[in-house]
Amino acid sequence: SDSGQSSVGLKEVAHVIAVASCKGGVGKSTTAVNLAYALASLGARVGLVDVDIYGPSLPTMVTPEQPQVQVIGSAILPPE
């Protein structure tokens, strides 16, 4: 049950930008954060996900205004 919320996934996402490399320590997270901030400063709504399961570095680089993730049914609402 999803508490009446519709599951949209990426249906409402217009663009996805992936920052990737096969090498560690080359600045992927720094590039992704700077790109997200630059796009947000231009008025875009952005989301950022760090899928490095061994050592995510985004929590040390950004502090969301609402740090707690909210879960409704099977949907995760991103911090704003």
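**Group meeting: a two-helix, two-strand chain**

At 39% relative accessibility, V13 counts as partly exposed. I start with this valine since several of the other items lead back to V13. Before going on, please note that this is a predicted model.

Where is V13 placed? V13 sits in the segment before helix 1. Together with L10 and V16, V13 makes a nonpolar surface patch of about 310 Å². Two residues from further along the chain can be placed relative to V13. V46 is 33 residues away from V13 in sequence, and the C-alpha atoms of the two are 9.7 Å apart in space. R45 and V13 are 32 residues apart along the chain, and their C-alpha atoms are likewise separated by 9.7 Å.

Now the overall layout. The protein chain has two helices and two strands, and in sequence order the pattern is α-α-β-β. How much of the chain is buried? Of its 80 residues, 6% are buried. The protein chain exposes about 6900 Å², and 57% of that area comes from carbon and sulfur atoms. On contacts: taking those in the protein chain with a separation of 6 or more, 37% are between residues 24 or more positions apart.

Next, helix 1. This helix covers residues 28-41, which is 14 residues. At 1.5 Å a residue it should span 20 Å, and the C-alpha atoms at its ends are 20 Å apart, so the expected and the modelled span agree. Which residues of helix 1 are buried? They are S29, A32, V33 and A36. These four cover an arc of only 95 degrees around the axis, so they lie on the same side of helix 1. The general background is that an α-helix has 3.6 residues a turn, so residues three or four places apart point the same way. And what do the buried residues of helix 1 pack against? They pack against helix 2, residues 58-61.

One more residue in helix 1 is worth a slide: L39. Its relative accessible area is 30%, so L39 is partly exposed. Setting aside neighbours within four places in sequence, L39 is in contact with I17, A44 and V46. V46 is the residue I mentioned earlier, with its C-alpha 9.7 Å from that of V13.

Then the end of the helix. Just after helix 1, G43 takes a positive phi of about 105 degrees.

That brings us to the loop between helix 1 and helix 2, and I have two residues to show there. The first item is R45, which is found in this loop. Is R45 buried or exposed? With a relative accessibility of 80%, R45 counts as exposed, because the cut-off for that class is over 50%.

The other item is D52, also located in the loop between helix 1 and helix 2. D52 has a relative accessible area of 37%, so it is partly exposed. Which position in space goes with D52? D52 and S29 are 23 residues apart in sequence, with 9.7 Å between their C-alpha atoms. S29 has already come up as one of the buried residues of helix 1.

To recap the points I would look at on the screen. There is the patch made by L10, V13 and V16. There is the buried side of helix 1, with S29, A32, V33 and A36, packing against helix 2. And there is L39, with its contacts to I17, A44 and V46. That is everything from me.

Methods. Residues numbered from 1 in each chain as written. Predicted model: local features only at pLDDT ≥ 70, side-chain atom pairs only at ≥ 80, totals over all residues. Heavy atoms only, no water. Expected span 1.5 Å × (residues − 1). Buried < 20%, exposed > 50% of the residue type's maximum accessible area, 1.4 Å probe, protein only. Arc of directions from axis to C-beta. Contact = heavy atoms within 4.5 Å. Patch = residues over 30% accessible without salt bridge, like charges linked within 9 Å, V, L, I, M, F, W, Y side chains within 5 Å. Areas by Shrake-Rupley, 256 points an atom, 1.4 Å probe, with all protein chains shown as cover. Salt bridge = Lys/Arg side-chain N within 4 Å of Asp/Glu carboxyl O.
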